[in-house]
Amino acid sequence: MATTAASTLPPDVRMMNATALAIIALAGTVLLAAGAAWFARQPVFAFRSIRLEGEVTRNSAATIRANAAPRLAGNYFTLDLQAARRAFESVPWVRHVVVQRVFPNRLVVRMEEHHPVAVWKGDEGNDRLVNSYGEVFEANLGDVDEDNLPEFAGSDDAAAASVLAMYRRLQPVLKPLDLAPTRVALSDRGSWQVELDNGAEIELGRGSDDEVLARVGRFVRTVTQVSARQRRGWDHADLRHADGYALRLKGPVAPLVAASEPNE
């Protein structure tokens with residue numbers, strides 16, 4: 001019956017009623033939004049504590065808070081979590097963080113630090129560090145506790161992951177010679193060079209990682225016999241040859257010896 005009665009109202013009255021209902025709904029929405037905004041701005045929701053979890057060894061918790069806290073804006077409801085993450089990751093030695101809000105006014109930050117595995121050699125002494133993920137990062141080299149980090153070099157920072165992968169694969173290949181790489185470099189043309197812990201250098205040349213490592217493996221299997229026949233050690237090897245390598249022997253006159261690799 002109500003529906004029938006309403007339908008018999010003049011059109012202008014029906015329009016007036018609909019407009020009034022819309023205004024009431026809009027006013028209610030505005031009041032709710034204003035109330036929610038007022039509620040969110042209450043001091044009780046301002047962050048009172050920041051708890052750091054995970055790795056906190058390179059920096060003290062106080063240092064991390066002092067560096068990141070001034071860059072945090074907002075409270076429990078308004079904080080931009082991505083901006084907060086970037087604020088903590090800007091602290092030296094911090095690689096990655098996960099920021100979580102805890103009602104009503106706490107912030108929990110789970111931290112992962114950089115673990116240096118090498119020094120990234122830059123132009124004009126602008127040296128940085130490489131972490132265990134092959135990422136180049138800025139830090140004070142004087143804060144590094146690890147002794148004798150190898151040196152990496154490449155055409156740009158993006159090459160660091162490839163250099164780290166090559167370094168890790170070279171270590172077991174060179175182990176039969178009781179030698180270890182101390183410097184690995186990748187040129188902008190894709191050519192590899194390695195310096196060993198006895199001061200010797202090896203030109204590995206270009207190619208896929210498997211091709212380069214295969215050349216190193218054949219070199220390792222034969223170089224001891226070659227240098228023994230010459231009764232001298234060696235300080236430079238060039239593996240950029242199709243069927244062998246050139247070896248520079250130690251001594252007052254350093255001759256080059258061409259060695260053929262066995263067919264396999």
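Me: Two strands pair if DSSP finds at least two bridges between them. Which residue stands opposite E53 in strand 3?

Reply: This is a predicted model, in which local features need pLDDT of at least 70 and side-chain atom pairs pLDDT 80 or more, while totals for chains, interfaces and linings use all residues. Residues are numbered from 1 along each chain as its sequence is written, and side-chain values use heavy atoms, without hydrogens and water. Strand 1 (residues 49-54) runs parallel to strand 3, with 6 bridges between them. In strand 3, the residue opposite E53 is R110.

Me: What residue in strand 3 stands opposite V102?

Reply: Helices (H or I, at least four residues) and strands (E, at least two) are DSSP runs, numbered from the N terminus. Strand 2 (residues 94-102) pairs with strand 3 in the antiparallel sense, over 8 bridges. A hairpin of 3 residues joins strand 2 to strand 3. Opposite V102, in strand 3, stands R106.

Me: How many of the 8 residues of strand 3 are buried?

Reply: Buried means under 20% relative accessible area, exposed over 50%, partly exposed in between (1.4 Å probe, protein chains only). Strand 3 covers residues 106-113 and is largely enclosed by the rest of the structure. That follows because, among its 8 residues, the number buried is 6.

Me: Over what arc around the axis of helix 5 do its buried residues lie?

Reply: The buried residues of helix 5 are A160, V163, L164, M166, Y167, L170 and L174. They fall on the same side of helix 5, because the arc they cover (taken from the directions from the helix axis to the C-beta atoms) is only 165°.

Me: The structure holds 6 aromatic pairs. Is the pair of W93 and F137 stacked or edge-to-face?

Reply: Rings of Phe, Tyr and Trp (its six-membered ring) pair with centres within 6.5 Å; planes under 30 degrees apart are stacked, over 60 edge-to-face, the rest tilted. The ring centres of W93 and F137 are 5.4 Å apart. Their planes stand at 65°, so the pair is edge-to-face.

Me: How many residues apart are W93 and F137?

Reply: W93 lies in the loop between helix 4 (81-89) and strand 2, and F137 in strand 6 (residues 136-137). W93 and F137 are both buried. Their pair links distant parts of the chain, and the separation is 44 residues.

Me: What is the angle between the planes of F219 and Y245?

Reply: F219 and Y245 form an edge-to-face aromatic pair, at 4.9 Å centre to centre and with 80° between the planes. The pair links distant parts of the chain, F219 being in helix 6 (residues 209-230) and Y245 in strand 12 (residues 244-249), 26 residues apart. Both F219 and Y245 are buried. The angle asked for is 80°.

Me: Which residue forms one aromatic cluster with Y76 and F77?

Reply: The cluster has Y76 and F77 among its members. The other residue in this cluster is F103.

Me: Which residue meets E89 in a salt bridge?

Reply: A salt bridge is a side-chain nitrogen of Lys or Arg within 4 Å of a carboxyl oxygen of Asp or Glu, and the whole structure holds 13 of them. E89 is partly exposed at 21% relative accessibility, and its partner is partly exposed at 24%. The two are 4 residues apart in helix 4, which means about one helical turn between them. The side chain that meets E89, at 2.9 Å from N to O, is that of R85.

Me: What is the N to O distance between D127 and K121?

Reply: D127 is partly exposed, with 21% relative accessible area. K121 is likewise partly exposed, with 28%. Their side chains meet in a salt bridge, and the distance from N to O is 2.9 Å.

Me: Which residue is joined with K121, D127 and E151 into one network?

Reply: E151, partly exposed at 29% relative accessibility, meets K121 in a salt bridge of 3.9 Å, N to O. E151 lies in strand 7 (residues 151-153) and K121 in the loop between strand 4 (116-120) and strand 5 (128-131), so this pair ties together parts 30 residues apart in sequence. Salt bridges with shared partners join K121, D127 and E151 into one network with R183.
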